[in-house]
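Let's take a walk through this structure, starting at the ligand and then moving on to a pocket. Have the 3D view open as you read.

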Amino acid sequence: MESTVDRGRLRELMRREHDRFVADHPRSGELFERGKTNLLAGVPMPWMTEWAGPYPVFVAEAEGARFTDVDGRTYIDFCLGDTGAMPGHAPKMAVEAIAEQAGKGITLMLPTEDSIWVGAEMQRRFGLPYWQFCLTATDANRFTLRLARAITGRPKVLVYSWCYHGSVDETIITLENGVPTTRPGNVGPAVSPPETTRVVEFNDVAALEDALAHEDVACVLAEPALTNIGIVPPEPGYHDALRELTRRYGTYLVIDETHTICAGPGGATRAWGLRPDFLTIGKPLASGVPAACYGMTQEVADRVQTYMGSLPATDVGGVGGTLSGNALSLAVMRATLEHVLTDEAFDRMVDLGGRWADGVKGVIEARGLPWTIQRIGARAEYWFTPTAPRTGGEAATVDDHELARFTHLYALNRGILLTPFHNMALMSPSTTEDDVDEHTKVFDEMAGELTA
Ligand SMILES: Cc1ncc(COP(=O)(O)O)c(C=O)c1O
C-alpha cells in the first residue's frame with residue numbers, strides 16, 4: 001500500500017510520543033509489571049496488550065464519557081468499551097437498577113417480570129416478536145447459528161470476509177485470493193472454518209448468489225455494515241438483494257446489530273428498513289453488565305418451538321447458559337433501554353457523530369491529506385486512504401497499522417481514547433459538543449505535525 005505520510009517523520013514522532021507516554025504513566029507501568037506475576041502478558045485478556053502505548057493505562061474510575069487512570073489523568077472516552085459502555089460509564093439509572101436488583105437476588109433460574117418488558121421493548125425497536133436472552137453477543141450469534149442449522153437441516157452458514165461476530169468458530173474465516181481460508185490468528189479450531197462456512201465479500205451480489213445457490217446454507221450472519229475492519233457501508237440496493245436472494249434459496253437472514261445499534265434506537269434494522277429472520281445484539285444493552293439477546297420472526301419461532309419440542313431435553317444441546325436471562329441482567333437492560341439509550345438520547349448522539357465526522361473531514365481537507373471518513377449514526381472513523389473501501393478484503397489491504405498506532409497514541413497522550421484496532425469514535429448520551437471539538441483540535445495538531 002502506498003504511504004500517505006512521510007515514514008521517517010512518522011517514526012520520529014512516534015518515538016517522542018512513546019517517551020511522553022512512559023513519562024506520564026509511571027503507575028500504570030508499575031501495575032503492568034506487577035500484573036505479569038499472575039496474568040498472561042500482564043493483562044486480563046490478550047487483546048489488552050494491543051493498545052498503542054507500550055502498556056495499557058490502568059483505570060481508576062469512570063463516569064459518563066470520561067475516565068481517570070491510576071496516574072490521575074482524565075480522558076474523554078470515544079472507545080466506550082468498544083460499545084459495551086455506549087450508554088456512558090456508570091449511568092445513574094443503571095447503577096440504581098444494579099444496586100436495587102442485587103439486593104433482591106441476582107440469578108435464580110426463574111423468570112422475572114422485567115424479561116417481559118424487555119421483550120416488548122425489543123419488538124418496538126427492532127420489529128421482531130420473539131426474544132431469548134443470553135450474556136454475550138458471541139453467544140447470541142452461536143445460538144442463532146445452531147437454531148438456523150437445526151430448523152433448516154442445512155450444514156453451513158455464510159459470513160463476509162473480514163467480518164467479526166465475536167469468538168464464534170464458524171466466522172473466523174476470510175477470502176485469500178478468492179479462496180476461503182482460516183483467518184490468521186484463529187486459536188485451536190476444532191474444525192477448519194472452510195468446512196462449516198461459505199464466505200463472500202460484502203457488497204458482492206454475484207458471489208452471494210453463487211454461494212447460496214448450493215442450497216446448503218442455513219443462514220447468512222451479517223452486520224448491516226461491516227464495522228470491525230473499519231466501517232464498510234452497504235452499497236445502494238445491497239440489502240434488498242441480500243434479502244431477496246436469501247428468500248429465494250431458503251436461507252435465513254441473521255442481522256447482528258451489536259455495533260450498528262449506533263444507527264439509532266432500533267439499529268440499522270429500523271433506520272434502513274431491514275427485514276431479518278433473526279436479530280442478535282449484546283454489549284451495550286445493560287450498560288456493560290453482561291447481557292445479550294436474539295430475536296426471531298413468528299415463522300422462525302414456530303419452527304424453533306416445534307424443533308425444541310421434539311428434543312428429549314433443552315438444557316444440554318448447545319443453546320443455554322445457567323446465568324442466561326438472569327434477574328440482574330434483565331433489570332439493568334430494562335433501566336438502560338427505558339432511561340439511558342432512549343430515542344431522544346440517540347438523536348443527540350447521532351448529531352454528535354455528525355459533528356465529530358465534520359470536524360475530522362474539515363481537518364483532512366484543510367491539511368490536504370489523502371484520507372477519508374465514514375460514519376454510521378453515532379459512530380465515525382477516519383481512514384488513511386482517499387476513497388472508502390467497499391469490501392472487507394479491500395479494507396484489510398489499506399490498513400496502515402503503524403500510522404494508526406501513532407494517531408491513537410498522540411490522542412491518548414492528550415486525553416482522548418479512541419477504539420483500538422481502527423480509528424473509530426463512538427458517542428454516548430454523556431458526550432458533549434466540547435468533547436467532540438477537543439478531539440477535532442487534537443486531530444488537527446496531530447495532522448499538522450505529521451505534514452510539517
Ligand atoms: C458485530 C459484533 N458481534 C458480536 C460481537 C461479540 O461481542 P462479545 O465479545 O461481547 O461477545 C462483537 C464484538 O466486537 C461484534 O463487533
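Of the 13 residues around the ligand (each with a heavy atom within 4 Å of it), Thr138, Asn228, Asp256, His259 and Lys283 come nearest. Keep in mind that this is a predicted model, where local features need pLDDT of at least 70, side-chain atom pairs count only at pLDDT 80 or more, and totals for chains, interfaces and linings use all residues. Numbering runs from 1 along each chain as its sequence is written, and side-chain values use heavy atoms, with hydrogens and water left out.

Now look at the polar contacts, meaning pairs of N or O atoms within 3.5 Å. The side chain of Thr138 puts an N or O atom 2.6 Å from a ligand oxygen, and Lys283 has a side-chain N or O atom 2.6 Å from an oxygen of the ligand. Asp256 instead brings a polar side-chain atom to 2.6 Å from a ligand nitrogen. On its own the ligand has 390 Å² of accessible area (Shrake-Rupley, 1.4 Å probe), and the protein covers 85% of that.

Who supplies this shell? Helix 5 (residues 137–152) gives the largest share, 3 residues; helices here are DSSP runs of H or I with at least four residues, and strands are E runs of at least two. By type, the shell holds 2 nonpolar, 8 polar and 3 charged residues, with Gly counted as polar and Tyr as nonpolar.

Terms used. Polar contact = N/O pair within 3.5 Å; in protein donor to acceptor, adjacent residues only side chain to side chain.
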